[in-house]
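Hi,

Here is the structure I said I would pass on. Have a look at it, and then read on for what turned up.

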Amino acid sequence: MKSTPILVAAAAVAALVAGAAQAATLDDVKSKGVLSCGVSTGLPGFSAPDANKNWNGIDVDVCRAIAAAVLGDAGKVKFTPLTAKERFTALQSGEIDVLARNTTWTHTRDTSLGLNFTGVHYYDGQGFLVTKSLGVKSAKELDGAAVCIQAGTTTELNLADYFRFNKMQYKAVVFDTSEQTLAGFEANRCDVLTSDQSQLYALRTKIKNAANTVVLPEVISKEPLGPVVRQGDDQWFNIVKWTLNAMINAEELGVSSKNVDAKKSDKNPAVARLVVGTGDMGKKLGLDNDWAYRILKQVGNYSEIFERNVGSGSPLKISRGLNALWNQGGILYAPPIR
Amino acid sequence: MADQPTSGGGLQPSKPPPWNDPAVRSIVFQVLALVVLGWFFWTILNNTLANMERRGISTGFAFLDRAAGFGILMSLIPYDESNSYGRTFVVGLLNTVLVAFLGIILATVLGFVLGVARLSNNWVIAKLATVYVEVVRNIPLLLQIFFWYIAVLQALPGIRQSITVGDAFYLNNRGFFFPKPIFGDGFGLVWIALIVAVAAIVCLRKWARQRLDRTGQQFPVFYASIGLIVGLPLLAFLAVGAPLSFEFAELQRFRLAGGASVIPELMALLWALTMYTAAFIAEIVRAGILAVSHGQTEASRALGLKNSQTLQLVVIPQAMRVIIPPLTSQYLNLTKNSSLATAIGYPDLVAVFMGTTLNQTGQAVEIVAMTMAVYLTISLLISLVMNIYNRRMALVER
Amino acid sequence: MTTAWQPSPSLPPPASTVGAVGWARSNLFSTWLSSVFTVVLSLVTVYFLWQILDWGIFSADLAGKDQSACDGDGACWVFVKDRFNFFIYGFYPDAEQWRVNVMFFLLAALIFPQFFENAPYKKALGWIFLTVYPVVSGVLLLGGAFGLEFVDTDKWGGLMLTLVLSYVGIVAALPIGILLALGRRSEMPVIRTICVAFIELWRGVPLISVLFMASVMLPLFLPEGTNFNKLLRALIGITMFQSAYMAEVVRGGLQAIPRGQYEAAAALGLGYWRSMWLVILPQALKLVIPGIVNTFIALFKDTTLVLIIGLFEVLGGVQSAIIDPAWQNVAAEGFFFAAFVYWIFCFGMSRYSQALERKLDTGHHR
């Protein structure tokens, strides 16, 4: 009788403890047959569970694209919801293979956490949301305001820097989740809500009379968000980096999930390298040559994931802005696949 | 039966072999336990250091001197963004202590009222108190904190529509604002007078007690005490020329500048903690009062004591013996539960230090250890104080 | 002079103390103040009750599929209906949810007899609950054996996760707690000190910091290359925390056993472990069942805190559903639902423990 609980515990431990995940992430992912991806605990547009319990969002689609490239099936992703505090530990300890949790690429994080940022899949910036009745046209008029803010990482510091630099006073009301932050703003606890602009638009869709609120023109910080991997595994780093680049290049070349089959017979050699696999681009990554085809077929190009999650196909209705291609007024510029 | 033991060691217990000797076994067992424990901690320490070095996580407490760079909503001591992380620790600590201290007082009062109400002769009061207790203590505190925060915010008016009393007190959804006292020169004398008054009251009580024992005459200690504690500082205050002024809160564009204030997060957290803990205290009080034997009340009635005297002199002192130990653990629970402040943005130790500071510095080990040490210390302090009180109240038997 | 004896007029009969009027007089209107309280409190209660009923039932919306079905006044239960599956099963795949249902059913079947005085096989069922049941439900939920599809723990959530967390927390904490309680009463100073330090350490810190430690620090403690799944980390934290409380409860039971029992066991020639296992613990544990149930209630409520480390139990599920842009102003409904779920469970268990206490309490009462 006595030994039964111990056996149970042992069985449970055996079932739950993941194996070593340090050396070659690619082999590890392949042998597990599933990609472990760290996402947020719920940020609309980036990573949030929907009514059918599927994870949705731009971060989520990046993960699915990697799974499509590596495992051949965009569905083979295990999403691990992480709070801001846990995310780097989870990646460092090998609990997840890639972190796509609207994480800002900063010098400190890139250099001192043993992590590598693979690129940028969303250019964001911190902004302010106010009610129109406040009569504020610019963030410079916010002296003395109470500011609702989510306990994040860079936003709190940016806010402090901005107000101090402009010699203004403020009161920061710090909440743990975006839902609480919004509740505080709606209950008039504060005059201003500050967050990354993408989040402001996401939260704005939740406000009762959204028309009565306005996002101020000032963007007080640069927030390039990108997927993160562990340092010291260059192959995996390349796979994640080029998954992202493949999606951006596909948009530039006009290849989408809808026409990718038709594009197989396209004359353009750049398109052929992407969808047919000429030039052994996949092999050079340690994958097969259909990797990009699968990404595009199963997940889509950058424009598709943008529009469906945060753009016109979503409640957020964010315009492309900085996230348009370099030749369309944005700064999205992927190195060529050749 | 009649056999006398022969002299000498015939029946001396034979010495057991060392592996069966309880004393030896006990020592071996303890040494083994120490070794295993030592090995366990050594492994953890080793792993942690190795992991941190490999991942380039900095160690040590040097970060406490670095500038924090973020704002904190409420602070009992002067604080701004340029202060150090060490300062944020103190700010969070003081906020935790504040909410725990106030919460303990309020929950005790409400809990006693509810506990007595549950035993009320009035059916409506008794039933309502029962329903309250059964509803509140069976719903998670975190949920209640969320609820009260939203409720408090929605009940309070906006800053322009503040409820105000004579432009000195304001109540709105930014908090409760009141004039901040500014102590001028010579105010120190008033504090000294206050301390003298307290000392005098202690002596007076002792003297009155002795007189009661000696002569049986009562002395109005209560009124005399009030006279002392109000009168002495007041005299001193007037003697040094009333050096006190007030800084009033002033309505500006977004805010009330100046003055002192209580933020709504504190109100909501305090309210939720009080309501929740009071439900448990009510049960403890009820059990305590029921534990006092009926004979005691009957005896005191027979002695001619009034109802209030019965309660004050006979029932409560005896009930307290039953009440104090579980009450102590409720106080500990309240203190630990105050850490849920992080969910609604009250800047307590967990929110400020284990939240934002941890996020900024990434030094999880040091920060979590410091935070846990603080709570442990507070818990031990409360236990200590309550144990001393308990010892004073305990039954002294001949 | 004689006067005829005049009887003084008879006193009015005493106020009735029986019947509805008598009851009302002594329980509702015994004094002037009491009457005021009765009237005012009754009116306030009726008013609030009406408000709540109106919001929750009379004006509420239940039919429909999305936001448009809710007209604004009254609760929008459509939201709860829409997300109900998520609140109960989390991300657990629809096709496999029968496994969770079986777990729920087994749980109910094992616990239900415990509420009855003379249900058959009560003791056996209790043992199954503590030993066989965890294995069966573990296999059932996790899968990967007996032809069951493997469902990873990241898919677990909702009420099911709440039950898993609190159940494992209690069942794993019980043996550790017993050992700690025995250790605390040990005559070996080193063992005693270790146990006291362990118990006081965990009891002195908030669960939130323990969960934090489990989620952020635990990975650092492990040798390079190993890592625990997040749920397991949370479970370890909860078990450590809970075993300290359990130890104190069990200690209370051990202290209540008269010295004679220890001495009698020793006189029979039983060694330490056998005397504990055969004589002391069976008596002590029976005494502390209400205490164990009470710690279980506390733990059940405390499982809400795992939302802070990003696990979606009931409250966490509600929170993440509320932020869905497809729904607006449904926070009250979501929280009300969560509160109701927790209340049902906790209230039921507290009634059970109170009944047990009454049964075990053989003291004299008026």
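Leu269(B) is a good place to begin: setting aside its neighbours within four places in sequence, its contacts are Val99(B), Ile145(B), Ala341(B), Ile344(B) and Tyr346(B). Do keep in mind that this is a predicted model.

Leu269(B) also belongs to the largest nonpolar core, which has 267 residues. Together with Ile66(A), Val147(A), Ile145(B) and Leu211(C), Leu269(B) touches the most other members of that core. Helix 7 of chain C, residues 158–184, provides the largest share of this core, with 16 residues. There is another core lying apart from it, made of five residues, including Ala193(B), Ala197(B), Leu232(B) and Ala236(B).

Next, how the chains meet. Between chain B and chain C, the contact takes 44 residues from chain B and 41 residues from chain C. On the chain B side, helix 1 (22–54), helix 3 (123–136), helix 4 (141–155), helix 10 (349–361) and helix 11 (364–393) each bring at least two residues. Helix 1 of chain B gives the most there, with 13 residues. Sorted by class, the side of chain B that touches chain C holds 29 nonpolar, 12 polar and three charged residues.

The contact between chain A and chain B takes 29 residues from chain A and 29 residues from chain B. On the chain A side, at least two residues each come from strand 9 (145–150), helix 6 (154–165), strand 10 (170–175) and helix 7. Strand 10 of chain A has the largest share, with six residues. The classes on the side of chain A that touches chain B are 14 nonpolar, eight polar and seven charged.

Strand 10 of chain A turns up again in an open sheet of five strands, with the order 10-9-11-8-12 and mixed pairing. Which strands stand at the edges? They are strand 10 and strand 12 (213–215) of chain A; each has a single partner strand, so one side of each is left without a neighbour in the sheet. From one strand to the next, the twist averages 25°. For strand 12 of chain A, the partner is strand 8 (residues 126–131) of chain A, and the two pair in the antiparallel sense over three bridges. Within that pairing, Val130(A) has Val214(A), in strand 12, as its bridge partner.

Helix 7 of chain A lies across strand 9, strand 10 and strand 11 (192–196) of chain A, and runs at about 160° to strand 9. How many residues of helix 7 (residues 178–186) of chain A are buried? Nine of its nine are, among them Glu179(A), Leu182(A), Phe185(A) and Glu186(A). After helix 7 of chain A comes Asn188(A), with a positive phi near 70°.

Last, the domains. The assignment for chain A gives domain 1 (22–123 + 225–328) and domain 2 (126–221), and 30 Å separate their centres, taken over C-alpha atoms. Where these two domains of chain A touch, 12 residues come from domain 1 and nine residues from domain 2. The domain 1 side of that contact has eight nonpolar, three polar and one charged residues. Chain C is assigned domain 1 (20–58) and domain 2 (84–92 + 151–360), with 40 Å between their centres over C-alpha atoms.

Cheers

Methods
Residues are numbered from 1 along each chain as its sequence is written. Chains are lettered from A and ligands numbered from 1 in the order in which they are written. This is a predicted model: local features need pLDDT of at least 70, side-chain atom pairs count only at pLDDT 80 or more; totals for chains, interfaces and linings use all residues. Two residues are in contact if their C-beta atoms, placed from the backbone, lie within 7 Å. Helices (H or I, at least four residues) and strands (E, at least two) are DSSP runs, numbered from the N terminus. Ala, Val, Leu, Ile, Met, Phe, Trp, Tyr, Cys and Pro count as nonpolar, Asp, Glu, Lys and Arg as charged, and the others, Gly among them, as polar. A nonpolar core is a set of buried Ala, Val, Leu, Ile, Met, Phe, Trp, Tyr and Cys residues joined through C-beta atoms within 7 Å. A residue is buried if 20 or more other C-beta atoms lie within 10 Å of its own, exposed if 12 or fewer, and partly exposed in between; C-beta atoms are placed from the backbone. Domain bounds come from an automatic or database domain assignment. Two strands pair if DSSP finds at least two bridges between them. Axes are lines fitted to C-alpha atoms, for helices over the stretch in contact, and angles run from 0 to 180 degrees between N-to-C directions.
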